[in-house]
Structure formats: structure tokens, C-alpha cells
Amino acid sequence: MSTLDDDYDLRTFAAALDPEASDDSPRADVATAAWVDAESMGFHDPAGDDDSLGRAARRLVADGRRLTGVYRREATPGSLDAEGRPVATFASFDKTLHVGGGRLIDADLVAGVTVQPTHRRKGILRRMMTDDLARAKAAGTPVAALTASEASIYRRFGFGVGVRERTIEVDVRRAGGLLSEPEGSTELVTTASLAEVAPDVFARFHVRSPGSIDRHEGAWNHALGRERADGTPDPAVRAAVHRDATGTVDGYVTYRVESAGGGPGSTGVQTLVVVDLVAATDDAYLGLWQLLLAVDLVRVVRYSNAPQHDPLAHAIVDGRALTISHDEDHVWFRVLDPVAALQARPWAADGVVTIAIGDALGHAAGTYRVTSEAGEATVKKAAVRRADLELDVATLGSLWLGGSDPVTLAAAGLVRERRKGAVQKFRAMLLPERPLHGITYF
């Protein structure tokens, strides 16, 4: 019986540009172009020309992405594989993750995972994933993270849903405005001028919001409407900022208005679609929503990255004007080093809990004593006959930053309480200072 290594080559390399191309017209090098082409096919995106492949490669290089391609050793003549295109793709790169209390740690971000349908059930995904997790663990990275296109794949590798998000729609006519007047002011601006201040605003949001992951190059292009699929700016994207009492920009929003049944100004239903909303303060969040709800000719405002605990439902006159049209997992966490990961975050209550963690890959397996005092935790391997709580590493990923309630996961059968009161104690210890919220896809 043949093995994976008999039939395929696995190659990991840094994304790169053709050194002979100009900065104004970047071109991907051969390996990167083939990888991007294969990834695009895996996500059903159109095949790229040299210009689009060059733009994609420039983004990958800016992020410092590590690319893994899986290549057939003996490709059939005429097949896509015979053109040097990988049959599977995988990427990872490092960004900061906010774990609470303004503390940022490095996380291994997994992205670009595809396997051609004709090459499944051969262990390719498992090999790519386990190789990367082992590399990250050896490098001292305490946690990996991903955003999943399919929710049924990644728990088997130890990933658990850590941050959720929802899509909301607000009926503008019914909402009736805000119950209180937020401090500060809002102003419409050009997307070009917004680009100068947006990174600073996001940095403030990032260190305020547990669960937030720093942005990559492609996220900025989308958020600011500066690059569509054809590489041109999106002229439909508008922008506004919120300023605090001192005149400092502490929030911004980009949006476009879409119509159903007619163009702008027609009798068709106008929907304002929020592209990006970043608020470093509560007043900025409410002030920007006050502006969005006042845009003329708009019937509905739709926001697809709304936080689970959204203050807007309490802030508008008629809370029933806000409906949730979709709710799903956003960021999945995979703890690689329980000691480093648990000690990195702040703790809300003093206590001692022992946790037995199951991990089929071995990275986090063991029993650990978590002792929290004055907001800090000491975590050590524990030699006890029976731990207070038993769970697997994917469940630990869901609980780690406080995005899931251990009482709820115990009811789901994912946390086993072996000492009475341990679930409630752990619940109090894990409580984050703010609800988790992240707006970065990768």
C-alpha cells in the first residue's frame, strides 16, 4: 500500500514576488503563483491573470505567510497537477491576539486550507495541519487560530470556537433613534483620508477588545474599499469618522448602499451595508450607529460583524427593530501550550481548579493546576488522582478567553465536573472584563 510520502511531495516556502518585476506591477514568483491559483480554485474564485496573482502575492508577502503546497509525484498528462499546481494548499502566519487586559500574544494563524476533491481521504489535510501545529509549538507559540469555511472540520485537530459573531439588520424607520446622546461628533470623510487614521483606530480597538486579532494586508484593502477583485477601488464605498470631545478620531465606519428594485432615489428598498465598523470607545460605537440610522433613503442597515453582546439593541428606542439574521462561529482557538496560554490572560476571581485536558495530538495533554490570585494565574502540571474538571483541548479553546460559559459546555457534555462547585468556580475565574469581539477574517 502506498503512503502519502510515496505519492506526494509536501513543500513549505515563503510567499515571494518575482524579483525582476517592478514595484508598480508586481508579479508572483512561479511557486507562489501556482499556490494562489490552486487556493483560488479551492474556494471557487475565478482564475487569476498575472496582475491579480501579483497583487495576491504582494499581500501574502506583506503578511509574511508560510505557504505549503502538496504536489503529485506522478501527475497525469493534461491534468492541472501536471502544470505544477498543488493539489492542496495551506498557509500560516503570525499576528497578535488580544487575550484581555490590553495583553497581546503571538498566535499562529491558519488560512488558505484547500484539498482538491479528487485527492481527499488520503491524509493530506491532517499532515499539513499537524506539521504546522508542531512547528508552531516548537517555536514557542502558545496558541493557533483560524476562521473556518466549514464548521465540521477543525475540532478533530483540537480547535474550539472561541469567538462568535452575528449578522444584524436594523429597520431604520422603526428604530426611532437612540435613547441617549453619545458624546463626540461624526463626520463624512473620503476613504483616502480615512486610510491615514484607520490603523491607529484599529490599534486602539484591538487592545480594548478581548478576542481581537490584528489585521492583515487583505483585510485593510476590503475595509477601505481600495481594492476589488479586478484591483480597482470600489467607488460605492463611503466613509465616516467619529471624533471625541478633543477632536481625536476614535471610531470609523465604511459602508455602501445597495438597492433592490431600483437605483438610488428610486422606490426600491435601499439597504445600507456596513463594510467595516471600528470603535475604540462606547461613544464612538453609538455615534457611528446614530449616523448610519440617519442616512437618507435607507430602509435597512445590515452589519455582518456585530458583537454577540451588542449594546445597540439596548440603545435604540425600539429594540425590536434590530433582528439577528445569522449567528455563527468566527474565530477558533487551538491551545498548544496550556501553561503559557492560561498564564497570559487576566483572571477575574481568585481560586484554584485542576483541569485534566485530553489532546489526541499530545501538545496540551495533561492535568494542570490553575491558581488565580489578584488577576494573575500560576499554572503547573499537577499529579492528582482525579482532576476537578475534565475536558478536551478543543473545549479548552472555547473556554480559554471566556467566549463560552463552562456551565453551558458542561450541560452539553463537553466539561465533566468531578468536584462539586468546580464548574461555577471556573466560570467566575474566566469572566473577561469585556465581552469577546473580533472583526478580522483570515
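**Two crossing helices and a twelve-stranded sheet**

In this predicted model, the axes of helix H2 (residues 30-42) and helix H3 (residues 50-63) come within 10 Å and cross at roughly 100 degrees. Because angles of 65 to 115 degrees count as roughly perpendicular, H2 is described as roughly perpendicular to H3. On the H2 side the contact is made by Thr32, Ala33, Trp35, Val36 and Asp37, while H3 contributes Leu53, Ala56, Ala57 and Leu60. Sorted by class, the residues in this contact of H2 with H3 are seven nonpolar, one polar and one charged.

From these helices we can turn to the sheet. Twelve strands form an open sheet with mixed pairing, and their order across the sheet is S1-S2-S3-S4-S5-S12-S6-S11-S10-S9-S8-S7. Strand S1 (8-14) and strand S7 (185-189) stand at the edges, and each has a single partner strand, so one side of each is left without a neighbour in the sheet. Neighbouring strands of this sheet are turned by 25 degrees against each other on average, direction ignored.

At the S1 edge, S1 and strand S2 (residues 66-72) run antiparallel and are joined by seven bridges, and here Thr12 stands opposite Thr68 in S2. Helix H4 (residues 124-138) packs on the sheet, where it touches S1, S2, strand S3 (88-100), strand S4 (103-115), strand S5 (143-146) and strand S12 (322-335), and its direction makes about 160 degrees with that of S4.

Another helix, H8 (residues 282-292), lies across several strands, among them strand S6 (160-171), S7 and strand S8 (238-243), and runs at about 165 degrees to strand S10 (269-279).

Terms used
Residues are numbered from 1 along each chain as its sequence is written. This is a predicted model: local features need pLDDT of at least 70, side-chain atom pairs count only at pLDDT 80 or more; totals for chains, interfaces and linings use all residues. Side-chain values use heavy atoms; hydrogens and water are left out. Two strands pair if DSSP finds at least two bridges between them. Helices (H or I, at least four residues) and strands (E, at least two) are DSSP runs, numbered from the N terminus. Axes are lines fitted to C-alpha atoms, for helices over the stretch in contact, and angles run from 0 to 180 degrees between N-to-C directions. Contact means heavy atoms within 4.5 Å. Angles under 35 degrees count as roughly parallel, over 145 as roughly antiparallel, 65 to 115 as roughly perpendicular and the rest as oblique. Ala, Val, Leu, Ile, Met, Phe, Trp, Tyr, Cys and Pro count as nonpolar, Asp, Glu, Lys and Arg as charged, and the others, Gly among them, as polar.
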